[in-house]
Amino acid sequence: MFSEKFSNSVHPSLLRRKIIHIDMDAFYASVEMRERPELVGRPVVVGGSPQSRGVVATANYEARKFGIRSAMACAKALKLCPQVVFVRPRFELYSSISRQIRELFYKVTPLVEPMSLDEAYLDVTEHNNGRFAMEIAAELRRQIFETTRLTASAGVAPNKMLAKIASDINKPNGMAIIRPQVVTAFMRSLALSRLPGVGPVTTKRLSDAGLVHCQDLLDGHASLLRDKIGSLYDWLLPLCEGIDEREVVTHYERKSIGTENTFAKDMTDVATMERELRKLTLELCADLRARDITGATVTLKVRYDDFSRITRARTLSEPTNSEDVIYPVLCELLQKTEAGRRRVRLLGLSLSKLGNAVVENW
Ligand code: DCP
Ligand code: MG
């Protein structure tokens, strides 16, 4: 599709790495269709209910034909397609499948950055066993299907931005490769709204300035464009050239650790809540001590029966993981809520301002 004549202008950063982006197709909906074959061929929305202001988490491809999209109100989805089937999400099921998929990724390389339950970047520059990145991606898609009976799409490219854009090109159940030699040509016709970090607000600002595609920015005069869109220009320019130096991040530093429980019956009296908090505190502190984690800020989370949620927090003079310190603080924080006056469906607690850096993989 793109001619090789661009090969003499390849930016060196595009020759450095090989990145694969994998993204499951209509993930939650595909899982539900696998579990309930009677849904196959029908438009399906996974999400809340149209009666209770729920939103669409995802829609299968049949439902998308009617214009239904993620984050849309379920009531609107129902208007667009009256025969749509609404299904409640089952997050535990999705995360167990997500773990299966990640295991397949980690067999290829430790350089995996999961972005969500259904999406990850892999850096296969080194860990390729002599295979082309494209072959690894094809093999992973095959293994994912064999293991889960679900389809994934893949993108292969010299960086994260391009790999993610590529995985969308032949979605669903497809794959695309963007070679370094075609990046310049490919980027020119790409809409600016497809660049990472460019959301609806920025897209509007850019189109108000007459900028819709990357070429509009690439061909424009730098100082004129800086006058129009300010520092946005310098941020976007390398992206429009197809340059994205972000590494695949395999570990993150944990900022907080906590636990919570939704109760089978809403709670009304404070003594019961204190007992439940005590149980949660003992569990959490045992875990913290086992992992040698301490924290200075204690946060209590309360969800009332109408699903509204509040948090109350206190920072101690020094980090701890002792229930004898944390539990009384939680009881004090509970006094600062409407517990006892309103019905409570969930209690949670967490510790932040951790005393020692806690580095984990995803
Ligand atoms: N999700 C959500 N709310 C959103 C977007 C997504 O709950 N606003 C959930 C449901 C999706 C899952 O995350 O199934 C993965 O998100 P994707 O954006 O990858 O969408 P899908 O996998 O559903 O579809 P696609 O085939 O376009 O990747
Ligand atoms: Mg997906």
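1. Let's start with helix α6, and please keep in mind that everything here comes from a predicted model. Which residues of α6 are buried? They are Lys160, Met161, Leu162, Ala163, Ile165, Ala166 and Ser167. That makes seven of the ten residues in α6, so the helix is mostly covered. If you wonder how positions along a helix relate to each other, recall that an α-helix has 3.6 residues a turn, so residues three or four places apart point the same way.

2. Now look at how α6 begins. Asn159 caps the N-terminal end of this helix. You can find the cap by looking for a side-chain oxygen of Asn159, which lies 3.3 Å from the backbone nitrogen of Met161.

3. The helix also leads us into the interior. The largest nonpolar core has 34 residues, and Leu162, Met187, Leu195 and Leu217 touch the most other members. Which elements give two or more residues to this core? They are α6 (160-169), α7 (183-188), α9 (214-219), α10 (222-229) and α11 (232-240). Apart from this core lies another one, of 33 residues, including Ile20, Met33, Tyr94 and Leu104.

4. Met187 is a nice residue to click on. Setting aside residues up to four places away in sequence, Met187 touches Met161, Leu162, Leu195, Cys214, Leu239, Cys240, Glu241 and Gly242. Two of these names, Met161 and Leu162, were among the buried residues of α6 in point 1.

5. Next, the aromatic rings. How many aromatic pairs does a search of the whole structure find? The search finds five. In one of them, Tyr28 and Phe91 meet edge-to-face, with 5.9 Å from centre to centre and 80 degrees between the planes. Tyr28 sits in helix α1 (residues 27-35) and Phe91 in helix α4 (residues 91-108), so this pair links distant parts of the chain, 63 residues apart.

6. Tyr28 has a second ring partner. With Tyr94 it forms a stacked pair, 4.2 Å centre to centre and with 15 degrees between the planes. Because Tyr28 lies in helix α1 and Tyr94 in helix α4, the pair ties together parts that are 66 residues apart in sequence. Is Tyr94 buried or exposed? Its relative accessible area is 0%, so Tyr94 is buried. Together, Phe27, Tyr28, Phe91 and Tyr94 form one aromatic cluster.

7. Then there is ligand 1. It is surrounded by 13 residues, and the closest are Ala26, Thr58, Tyr61, Arg64 and Asp118. An oxygen atom of the ligand is 2.6 Å from an N or O atom in the side chain of Tyr61. A polar side-chain atom of Arg64 lies 2.8 Å from a ligand oxygen. Tyr28, which we met among the rings, also takes part: a polar backbone atom of Tyr28 is 3.0 Å from an oxygen atom of ligand 1.

8. Arg64 and Tyr61 are worth viewing together. Arg64 lies over the face of Tyr61, at 4.3 Å from the ring centre. Elsewhere you can find another charge over a ring: the charged end of Arg278 sits over Tyr327, 5.0 Å from the ring centre.

9. Where is Asp25? Look in the loop between β1 (19-24) and α1. Asp25 has a relative accessibility of 3%, which means that it counts as buried. Its side chain makes polar contacts with the side chains of Thr151, at 2.7 Å, and Ser153, at 2.8 Å. Leaving out residues up to four places away in sequence, Asp25 touches Ser30, Tyr61, Thr151, Ala152, Ser153, Lys171, Pro172 and Asn173.

10. Lys171 deserves its own look. This residue lies in the loop between α6 and β8 (175-177). What does the side chain of Lys171 reach? It makes a polar contact of 2.7 Å with the side chain of Asp25, and reaches the backbone oxygen of Met24 at 3.1 Å. Neighbours within four places aside, Lys171 is in contact with Asp23, Met24, Asp25, Tyr61 and Ser153. The C-alpha atoms of Lys171 and Ser153 are separated by 5.7 Å, although these residues are 18 apart along the chain.

11. Finally, visit Ala313 in strand β12 (residues 309-320). At 49% relative accessibility, Ala313 counts as partly exposed, because the exposed class begins over 50%. Not counting residues up to four places away in sequence, it touches Thr297, Val298, Thr299 and Leu333.

Technical notes:
Residues numbered from 1 in each chain as written. Chains lettered and ligands numbered in written order. Predicted model: local features only at pLDDT ≥ 70, side-chain atom pairs only at ≥ 80, totals over all residues. Heavy atoms only, no water. Core = buried A, V, L, I, M, F, W, Y, C linked by side-chain atoms within 4.5 Å. Buried < 20%, exposed > 50% of the residue type's maximum accessible area, 1.4 Å probe, protein only. Helix = DSSP H or I, 4+ residues; strand = E, 2+ residues; numbered from the N terminus. Contact = heavy atoms within 4.5 Å. Polar contact = N/O pair within 3.5 Å; in protein donor to acceptor, adjacent residues only side chain to side chain. Phe/Tyr/Trp six-rings, centres within 6.5 Å; stacked < 30°, edge-to-face > 60°. Lys NZ or Arg CZ within 6 Å of the ring centre and 35° of its normal. Near = heavy atom within 4 Å.
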